[in-house]
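Subject: Structure handover and notes

Dear colleague,

I am passing on the structure we spoke about, with the sequence beside it. Please open it first and keep it in view while you read the notes underneath.

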Amino acid sequence: MDRSSLEAVVLYLDDDGIRHLSPDGRQTLRAPWDPNLDPHEAIVDAVAELGLTPIMVHSTSWRVVRQLILLTFIVAVEPPDHVPGAHEVELVARAELARGRAIGPPPHVQLSQIVEHGLRHLAWLLREDEAIHHALADWSRALSEYEPEPFRAFGREPGF
């Protein structure tokens, strides 16, 4: 059984938008978690091993997979000069959020919904968090298309 408990959704920005870089056959980069390390360090190390330069790492969600708690990070990297071997790239598309119950998770969660959730959160942090604002300054136009979810929750309709 795969004992990985950390995963990275590796994203970068180019002229066409936000791109998702993933290992062939997998949607995310998995990394084992050494309890003696901060999980962020393990994710940064795993991404750096691919020859990529992380510019921002943010834990975005968690879920239970095969009796294991899987912590998911959105990792923004510098646009790579070349795609690492055995990896593929796709343009990120919008998705509906997965909705759960008041006391339970959604019955099914797709990676596209995790990415949507993460990018909405980053859009909010870009406005509210100085470190994220600085790290993702070049992303402000791309993230402006994402309605920060906390604001929608307070009755503000998207685009108004």
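The notes below go from the whole chain to single residues.

Please keep in mind that this is a predicted model. The chain has 5 helices and 6 strands, and, read from the N terminus, these elements follow one another as β-β-β-α-β-β-β-α-α-α-α. Of the 160 residues in the chain, 41% are buried. If you take the contacts between residues at least 6 apart in sequence, 61% of them join residues at least 24 apart. The accessible surface of the chain is about 9600 Å², and carbon and sulfur atoms account for 52% of that surface.

A good residue to start with is tryptophan 139, which sits in the loop between helix H3 (130–135) and helix H4 (140–143). Is tryptophan 139 buried or exposed? Its relative accessibility is 3%, and because buried means under 20%, tryptophan 139 counts as buried. Apart from neighbours within four places in sequence, tryptophan 139 is in contact with Leu11, Tyr12, Leu13, Ile18, Ile55 and Ala76. For alanine 76, the C-alpha to C-alpha distance to tryptophan 139 is 9.7 Å, although the two residues are 63 residues apart in sequence.

A similar reading can be made for histidine 121, which belongs to helix H2 (residues 111–128) and is partly exposed, with a relative accessible area of 27%. Histidine 121 and threonine 60 are 61 residues apart in sequence, while their C-alpha atoms are 7.9 Å apart in space.

Next come the salt bridges, of which the structure holds 6. One of them joins the side chains of glutamate 7 and arginine 30, with an N to O distance of 3.6 Å. Because glutamate 7 lies in strand E1 (residues 6–14) and arginine 30 in strand E3 (residues 29–31), this pair ties together parts that are 23 residues apart in sequence. Both glutamate 7 and arginine 30 are buried.

In another salt bridge, arginine 19 pairs with aspartate 16, and their closest N and O atoms are 3.1 Å apart. Here arginine 19 is buried, with a relative accessible area of 17%, whereas aspartate 16 counts as exposed at 57% relative accessibility.

The side chains of glutamate 116 and arginine 94 also meet in a salt bridge, at 2.6 Å from N to O. This pair links distant parts of the chain, since glutamate 116 is in helix H2 and arginine 94 is in the loop between strand E6 (87–91) and H2, 22 residues apart. Glutamate 116 counts as buried at 2% relative accessibility, while arginine 94, at 43%, counts as partly exposed. Finally, salt bridges that share partners join Glu7, Arg30 and Arg63 into one network.

Two surface patches complete these notes. Which residues form the negative patch? They are Asp38, Glu41, Asp45 and Glu49; glutamate 49 is found in the loop between helix H1 (39–48) and strand E4 (54–65), and it is exposed, with a relative accessible area of 70%. A nonpolar surface patch of about 370 Å² is made by Trp62, Val64 and Ile69. Within that nonpolar patch, valine 64 has its place in strand E4 and is exposed, with a relative accessible area of 55%.

With best wishes

Definitions and conventions. Residues are numbered from 1 along each chain as its sequence is written. This is a predicted model: local features need pLDDT of at least 70, side-chain atom pairs count only at pLDDT 80 or more; totals for chains, interfaces and linings use all residues. Side-chain values use heavy atoms; hydrogens and water are left out. Helices (H or I, at least four residues) and strands (E, at least two) are DSSP runs, numbered from the N terminus. Buried means under 20% relative accessible area, exposed over 50%, partly exposed in between (1.4 Å probe, protein chains only). Contact means heavy atoms within 4.5 Å. Patches are made of residues with over 30% relative accessible area and no salt bridge: like charges are joined within 9 Å, nonpolar side chains (Val, Leu, Ile, Met, Phe, Trp, Tyr) within 5 Å. Accessible areas come from the Shrake-Rupley method with a 1.4 Å probe; for residues, only the protein chains shown count as cover. A salt bridge is a side-chain nitrogen of Lys or Arg within 4 Å of a carboxyl oxygen of Asp or Glu. Lys and Arg count as positive and Asp and Glu as negative; His and the chain ends are not counted. The place of a charge is taken as NZ of Lys, CZ of Arg, CG of Asp or CD of Glu.
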